[in-house]
Amino acid sequence: QLPVLPALPSWGPPVSEETARREGILRSQADLRDAIPRYQPLLWGDKVRNVSITGENGTIDGRGAEWWTRWLKEPLLGRPHAIQFQESEDILIRNITIRNPGFWTVHFWRCEYVTVQFLTTLI
């Protein structure tokens, strides 16, 4: 059982078109089911520095079929990303394959100095 994380502030309902013009805010439409706490990603970092995830095309399997089946049949606290970093810096992801994600494959939120090279995603 993966731990549950709170929803990131970037998830949630969109700003109205009028508010966007008035305040200069642009935000995409979000699926409100995603504005909830969710299960911790398989690889996750919060406020970390100098992290490398590299391999000779090693594979991370998110076991997505299980999460998608549960998501469609029962109430669920979101689905886990395969990799997620938030408020972190100096992140390197190179020469890996991510397959069968439960939700997004890789998610960076408020991160700086991120390098992603030779990443293969298989859904």
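**Exercise 1. Partners across β4 and β6**

Determine which residue of β6 T54 stands opposite, and establish in which sense and over how many bridges β4 and β6 pair.

*Solution.* Start from the residue and work outwards to the sheet, bearing in mind that the model is predicted. T54 stands opposite R94 in β6. The two strands concerned, β4 and β6, pair in the parallel sense, and 9 bridges join them. Widening the view, β4 and β6 belong to an open sheet of 3 strands, whose order is β4-β6-β8 and whose pairing is parallel. The edges of this sheet are taken by β4 (49-61) and β8, each of which has a single partner strand, so one side of each is left without a neighbour in the sheet. On average, and with direction ignored, neighbouring strands here are turned by 5 degrees against each other. As background, strands of a sheet pair through backbone hydrogen bonds, either parallel or antiparallel.

**Exercise 2. The sheet that holds β5**

Find the order of the strands in the open sheet that contains β5, and say which residue of β7 lies opposite I83.

*Solution.* The order is β3-β5-β7, an open sheet of 3 strands with parallel pairing. Its edge strands are β3 (43-46) and β7, each of them pairing on one side only. From one strand to the next the twist averages 0 degrees. Looking then at a single pair, β5 (residues 83-86) and β7 run parallel and are joined by 4 bridges. The residue of β7 that stands opposite I83 is V106.

**Exercise 3. The nonpolar core**

Work out which residues make up the largest nonpolar core, and which strand gives the most to this core.

*Solution.* The largest nonpolar core has 10 residues, namely I53, I60, A82, I83, F85, I91, I93, I96, I98 and C111. Sorting these by element, one finds that β4, β5 and β6 each supply at least two residues, and that β6 gives the most, with 4 residues. I96, one of the core residues, can then be followed through its contacts: leaving aside residues up to four places away in sequence, I96 touches I53, T54, G55, N57, G58, I60, I83, F118, L119 and T120. T54, the residue that stands opposite R94, thus appears among the contacts of I96.

**Exercise 4. Aromatic rings and a charge**

Classify the ring pair of Y39 and W67 and the ring pair of F103 and W104 as stacked or tilted, and then state over which rings the charged end of R79 sits.

*Solution.* A pair of aromatic rings is described by the distance of the centres and the angle of the planes. There are 3 aromatic pairs in the structure, including the two treated here. In the pair of Y39 and W67 the ring centres are 4.9 Å apart and the planes stand at 50 degrees, so the pair is tilted. Because Y39 lies in strand β2 (residues 38-39) and W67 in helix α2 (residues 64-73), this pair ties together parts that are 28 residues apart in sequence. Both Y39 and W67 are buried. The pair of F103 and W104, by contrast, is stacked, with 5.4 Å from centre to centre and 20 degrees between the planes. F103 counts as buried because its relative accessibility is 13%, while W104, with a relative accessible area of 38%, is partly exposed. Turning to the charge, the charged end of R79 sits over the ring of W68, 4.1 Å from its centre, and also over the ring of W71, 4.4 Å from its centre.

**Exercise 5. Positive phi values**

Locate N100 and R110 among the loops, and decide whether each is buried, partly exposed or exposed.

*Solution.* Take N100 to begin with: its phi is near 55 degrees, a positive value in a residue other than glycine. N100 is found in the loop between β6 (89-99) and β7 (106-109), and because its relative accessibility is 29%, N100 counts as partly exposed. For R110, phi is likewise near 55 degrees, again positive in a residue other than glycine. R110 has its place in the loop between β7 and β8 (112-122), and with a relative accessible area of 60%, which is over the 50% cut-off, R110 is exposed.

**Exercise 6. The chain as a whole**

State how many helices and strands the protein chain holds, and in what pattern they follow along the sequence.

*Solution.* The protein chain comes to 2 helices and 8 strands, which follow the pattern β-α-β-β-β-α-β-β-β-β along the sequence. Of its 123 residues, 34% are buried.

Technical notes
Residues are numbered from 1 along each chain as its sequence is written. This is a predicted model: local features need pLDDT of at least 70, side-chain atom pairs count only at pLDDT 80 or more; totals for chains, interfaces and linings use all residues. Side-chain values use heavy atoms; hydrogens and water are left out. Buried means under 20% relative accessible area, exposed over 50%, partly exposed in between (1.4 Å probe, protein chains only). Two strands pair if DSSP finds at least two bridges between them. Axes are lines fitted to C-alpha atoms, for helices over the stretch in contact, and angles run from 0 to 180 degrees between N-to-C directions. Rings of Phe, Tyr and Trp (its six-membered ring) pair if their centres lie within 6.5 Å; planes under 30 degrees apart count as stacked, over 60 as edge-to-face and the rest as tilted. A charge sits over a ring if NZ of Lys or CZ of Arg is within 6 Å of the ring centre and within 35 degrees of the ring normal. A nonpolar core is a set of buried Ala, Val, Leu, Ile, Met, Phe, Trp, Tyr and Cys residues joined through side-chain atoms within 4.5 Å. Contact means heavy atoms within 4.5 Å.
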